[in-house]
Amino acid sequence: MVLAAVFGAVIGLMLGLLGAGGSILAIPALVYGVGQPLQTAIPTSLAVVALSAVGGLIPRQRRSAVRWPVALVFGAAGIPAAFAGAALGRGIPQRWLLLAFAALMLVVAVRMLRGGDERVGACRTRDGGVRWRSCLPKSLLAGAAVGVLTGLFGVGGGFVIVPALALLLGLGAQEAVATSLVVVLINSIAGLAAHTGAADQVDYGVLLAFAGAAAGVSAVSARASSRLDPAAVRRGFAVVVLAVAVFVAAAAVVDPAALG
């Protein structure tokens, strides 16, 4: 339980600070740190991610930064895609699924190291609105891609949502992070619904310890996010994700029995 709480705190820290990234560590933490089989770790991860997102949205200034129309468009596209991702995942051997997850972690780490989320998006109007007519298809496609990742791997997808909101729709840093948390929450709930068949396998003691620490730390770190350098936090976290990705890939090859 203590180990689950420690892992949960790390995930809540990153989700609260960046609106993204922390949930990418949930699956390896649950599989290799807590010892859960992959089919149990995925719904557990989704529950942890959902509660962490709620924690990140607790501060009033974070809620006021949410662009609700944007969040609802991305979230609506992600709901059916999450079910599709869950169905796809059930047809892939767990060893290959975890190797694919390690590859996804590498992509996330490289994107975080490169940064560049501060550019203004082409979908913004001069008065700060969004050109939905021209940008809606791209927004729906991005939201669906996040939903597939959520259902397939049990991640919130904030590492895709935040740059998409910043680069595509031109949201500011705080707007992108806050809006991302709403989308993460919607997708995580959809992913949980898609994995209801594994609910009876979930260890609720581990879930409560993991999720409680994640939600609490996410709420605290969200309050401190405006006083920290997000670029420095992102780079440090990217190094951790790279190291974990290498470990996950090696473990999936050397010790596939650990997957359950």
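A residue counts as buried under 20% relative accessible area, as exposed over 50%, and as partly exposed in between. The exercises below concern a predicted model.

**Exercise 1. Classify Glu175 and Arg67 by accessibility, and state what their side chains form.**

Step 1. Glu175 has a relative accessible area of 23%, so this residue is partly exposed. Arg67, with 21%, is partly exposed as well.

Step 2. The two side chains meet in a salt bridge, at 3.7 Å from N to O. The cut-off for such a pair is 4 Å. The structure holds 1 salt bridge.

Step 3. Glu175 belongs to helix α9 (residues 173-194), while Arg67 sits in the loop between α4 (60-64) and α5 (68-90); the pair therefore ties together parts that are 108 residues apart in sequence.

**Exercise 2. Describe the overall fold content and the confidence of the model.**

Step 1. The protein has 11 helices and 0 strands.

Step 2. Of the 260 residues in the protein, 53% are buried. About 10800 Å² is exposed, and carbon and sulfur atoms supply 70% of this area.

Step 3. Take the contacts between residues at least 6 apart in sequence: 86% of them join residues at least 24 apart.

Step 4. Mean pLDDT is 78, and 84% of the residues reach 70 or more. Among the elements, the lowest mean belongs to α1 (72) and the highest to α5 (89). Where pLDDT is low, the predicted coordinates should not be read in detail.

**Exercise 3. Which residues have the most contacts inside the largest nonpolar core, and which helices supply at least two residues of this core?**

Step 1. The largest nonpolar core has 43 residues, and those with the most contacts inside it are Ile24, Ile27, Phe101, Met105 and Phe153.

Step 2. At least two residues of this core come from each of α1, α2 (26-34), α3 (38-56), α6 (94-114), α7 (132-153), α10 (204-224) and α11 (230-254). The largest share, 9 residues, is that of α6.

Step 3. For Phe101, set aside the neighbours within four places in sequence. The residues in contact with Phe101 are then Ile24, Ile27, Pro28, Phe153 and Val155.

Step 4. Another core, of 24 residues, lies apart from the largest one; Val146, Val162, Leu169 and Val182 are among its members.

**Exercise 4. Is helix α8 enclosed by the rest of the structure or open, and which of its residues are buried?**

Step 1. The buried residues of α8 are Gly158, Phe159, Ile161, Val162, Pro163, Ala164, Leu165 and Ala166.

Step 2. Because 8 of the 10 residues in α8 (residues 158-167) are buried, this helix is largely enclosed by the rest of the structure.

**Exercise 5. Locate Val10 and Val246, and classify each as buried, partly exposed or exposed.**

Step 1. Val10 lies in helix α1 (residues 2-18). Its relative accessibility is 37%, so Val10 counts as partly exposed.

Step 2. Val2, Val6 and Val10 make a nonpolar surface patch of about 260 Å². An α-helix has 3.6 residues a turn, so residues three or four places apart point the same way.

Step 3. Val246 is in helix α11. Its relative accessible area is 54%, so Val246 is exposed.

Step 4. Val246 and Met105 are 141 residues apart in sequence, with 9.1 Å between their C-alpha atoms. Met105 is one of the residues with the most contacts inside the largest nonpolar core.

How values were computed
Residues numbered from 1 in each chain as written. Predicted model: local features only at pLDDT ≥ 70, side-chain atom pairs only at ≥ 80, totals over all residues. Heavy atoms only, no water. Patch = residues over 30% accessible without salt bridge, like charges linked within 9 Å, V, L, I, M, F, W, Y side chains within 5 Å. Areas by Shrake-Rupley, 256 points an atom, 1.4 Å probe, with all protein chains shown as cover. Helix = DSSP H or I, 4+ residues; strand = E, 2+ residues; numbered from the N terminus. Buried < 20%, exposed > 50% of the residue type's maximum accessible area, 1.4 Å probe, protein only. Core = buried A, V, L, I, M, F, W, Y, C linked by side-chain atoms within 4.5 Å. Contact = heavy atoms within 4.5 Å. pLDDT = per-residue confidence, 0-100.
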